[in-house]
Amino acid sequence: MSVVGQHMQQAGATPAEALAFTLSSAVQYADDCVAAGMSPDAFLPRFTFFFDISISFFEEIAKFRAGRRLWARLVRERYGAQDPRSWRFKFHAQTSGVDLTRQQPLNNIARVATQAIAGIFGGLQSLHTDAYDEALSCPTVFGARIAVATQNILREEAHLTDVIDPLGGSYYVEALTDEMEAQIVRVL
């Protein structure tokens, strides 16, 4: 079950709203499964999520960190999930085409890289990077190759995926995560 929130943020929801609406959808799906007689630990490990990553670097990291906290707590408290696999907040994310500009499109390469790093630092499991020229038309082969190369550079050369939650413990990131979590809970 892929619970999608990417389109919500692309359509104008704030990061907190997009996360809250997505979790609300997941809760409804889980409630439906329980109502059908399924055990939460039988289906919750199969839930995954799909999100947008905007240019707001630290806000996006906080969104994903708060999502991990909330999902783990929600499935334990609401559904009594005992299997640690049920508590995992597994998600795919895509850099935000909304943040790309038609003016000076080569600057979109930096925007996409910044968004991708936020997703990585937020703990995503898989990533789609937009091509710099998507603000102009369908991506060209050249633009798509740069998008893929961006992922490879971040993973293979910068080694950004070698550490889980590298900003954990930072006063700013922890405070922002707490604030984001409170915003998400208010919407929920």
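I take a residue as buried when its relative accessible area is under 20%, as exposed over 50% and as partly exposed in between (1.4 Å probe, protein chains only). The model is a predicted one, so I kept to pLDDT of at least 70 for local features and 80 or more for side-chain atom pairs, with all residues in totals for chains, interfaces and linings. Numbering runs from 1 along each chain as its sequence is written, and side-chain values use heavy atoms, without hydrogens and water.

**Entry: overall layout**

I looked up the secondary structure of the protein chain and found eight helices and four strands. Both are DSSP runs numbered from the N terminus: H or I of at least four residues for helices, E of at least two for strands. The order along the sequence is β-α-α-α-β-α-α-β-α-β-α-α.

I checked the radius of gyration, taken over C-alpha atoms, against the globule rule of 2.2 Å times the number of residues to the power 0.38. The protein chain has 17 Å, which agrees with the value near 16 Å for a compact globule, because the chain has 188 residues. Along the principal axes, the C-alpha atoms fill a box of roughly 50 × 35 × 30 Å.

Of the 188 residues, 43% are buried. I count a contact when heavy atoms lie within 4.5 Å. For contacts between residues at least 6 apart in sequence, 72% join residues at least 24 apart.

**Entry: helix α2**

I compared helix spans with 1.5 Å times one less than the number of residues. Helix α2 (residues 15-35, 21 residues) reaches 30 Å between its first and last C-alpha, close to the expected 30 Å.

I then listed the buried residues of α2: Pro15, Ala16, Ala18, Leu19, Ala20, Thr22, Leu23, Ala26, Val27, Ala30 and Cys33. Their cover includes β1 (2-4), α1 (6-10), α3 (40-43), β2, α4 and α8 (171-187). Gly37, just after α2, has a positive phi of about 95 degrees.

**Entry: helix α6**

Helix α6 (residues 108-122) has 15 residues and should therefore span 21 Å; I found 21 Å between its end C-alpha atoms, which agrees.

The buried residues of α6 are Asn108, Val112, Ala113, Gln115, Ala116, Ala118, Gly119, Ile120, Phe121 and Gly122. I traced their packing to the strands β2 (48-53), β3 (91-95) and β4 (126-128), and to the helices α4 (57-79) and α7 (141-157). A positive phi of about 105 degrees belongs to Gly123, just after α6.
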